[in-house]
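This report introduces a protein structure to a reader who has not met it before. Please keep the sequence and the three-dimensional view at hand while reading.

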Amino acid sequence: MLGSLLKIFGRGFLHWFTQRTSACSLVVSVVVLSVSNDLFFGLAVFLLILIHFEAGVHTLVSDYMHDSRSKLFMNVSVDLLMISLAKTVFVLLICV
């Protein structure tokens, strides 16, 4: 069912949905984090910030870069940066 929905809406809908849900989740998460002051929840909010940041940068790259090789290089670079930052958060989570 999900596969057929993704074929109908395409990749653009999933990207749009990711941006909107991560933005709404961030608003709620920051309020809850300011009240709870929990380290583990703070790391989860940081991962949510990374997801939202990645979606935004991919939008900027696809909208304003016109060379296909430069687009590919930037998208791969952003993905590798997000993977390394997520790994760092998980290492901090394990060490704490």
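The sections below go from the overall fold to individual residues.

## Overall architecture

The structure is a predicted model. Its chain contains three helices and zero strands, and the order along the sequence is α-α-α. Helix α1 covers residues 2–36, while α2 spans 39–64 and α3 spans 68–95.

The chain has 96 residues, of which 17% are buried. Its accessible surface amounts to about 7,100 Å², and carbon and sulfur atoms account for 74% of that area. Among contacts with a sequence separation of 6 or more, 55% link residues that are 24 or more positions apart.

## The nonpolar core

In soluble globular proteins, nonpolar side chains tend to be buried together. In this model, the largest nonpolar core consists of five residues: Leu 50, Val 57, Val 61, Val 78 and Met 82. Helices α2 and α3 each contribute at least two residues to this core. The greatest share comes from α2, which provides three residues.

Met 82 is one of the core residues. When residues up to four places away in sequence are set aside, Met 82 touches Leu 50, Phe 53 and Glu 54. Leu 50 is itself a member of the core.

## A nonpolar patch on the surface

Nonpolar side chains also appear on the surface. Leu 72, Val 76, Leu 80 and Ile 83 form a nonpolar patch there, with a combined accessible area of about 390 Å².

Leu 72 belongs to helix α3. Leu 72 is classed as exposed because its relative accessibility is 57%, and the cut-off for that class is over 50%.

## Buried polar residues in helix α1

Two polar residues of the first helix deserve attention. Gln 19 is located in helix α1 and is buried, because its relative accessible area of 15% falls under the 20% limit. The side chain of Gln 19 forms a polar contact with the side chain of Thr 59 at 3.0 Å. These two residues are 40 residues apart in sequence, and their C-alpha atoms lie 9.8 Å apart in space. Beyond neighbours within four places in sequence, Gln 19 is in contact with His 52, Ala 55, Gly 56 and Thr 59.

Ser 22 is likewise part of helix α1. With a relative accessibility of 3%, Ser 22 counts as buried. Its side chain reaches two backbone oxygens: that of Thr 18 at 2.9 Å and that of Gln 19 at 3.1 Å. Apart from residues up to four places away in sequence, Ser 22 touches Leu 48 and His 52. His 52 is also among the residues in contact with Gln 19.

## Lys 71 in helix α3

Is Lys 71 buried, exposed or partly exposed? Lys 71 sits in helix α3 and is partly exposed, because its relative accessible area is 26%, a value between the limits of 20% and 50%.

Leaving out neighbours within four places in sequence, Lys 71 is in contact with Val 61, Ser 62, Met 65 and His 66. Val 61 is one of the five residues of the largest nonpolar core. The C-alpha atoms of Lys 71 and His 58 are separated by 9.1 Å, with their positions 13 residues apart along the chain.

## The loop between α1 and α2

Asn 37 is found in the loop that connects α1 and α2. At 70% relative accessibility, Asn 37 is exposed.

The backbone of this residue also merits a remark. Most residues other than glycine have a negative phi. Asn 37 is not a glycine, yet its phi is positive, at about 55°.

Conventions: Residues are numbered from 1 along each chain as its sequence is written. This is a predicted model: local features need pLDDT of at least 70, side-chain atom pairs count only at pLDDT 80 or more; totals for chains, interfaces and linings use all residues. Side-chain values use heavy atoms; hydrogens and water are left out. A nonpolar core is a set of buried Ala, Val, Leu, Ile, Met, Phe, Trp, Tyr and Cys residues joined through side-chain atoms within 4.5 Å. Buried means under 20% relative accessible area, exposed over 50%, partly exposed in between (1.4 Å probe, protein chains only). Helices (H or I, at least four residues) and strands (E, at least two) are DSSP runs, numbered from the N terminus. Contact means heavy atoms within 4.5 Å. Patches are made of residues with over 30% relative accessible area and no salt bridge: like charges are joined within 9 Å, nonpolar side chains (Val, Leu, Ile, Met, Phe, Trp, Tyr) within 5 Å. Accessible areas come from the Shrake-Rupley method with a 1.4 Å probe; for residues, only the protein chains shown count as cover. A salt bridge is a side-chain nitrogen of Lys or Arg within 4 Å of a carboxyl oxygen of Asp or Glu. A polar contact is a pair of N or O atoms within 3.5 Å; within protein, one must be able to donate a hydrogen and the other to accept it, and residues adjacent in sequence count only if both atoms are side-chain atoms.
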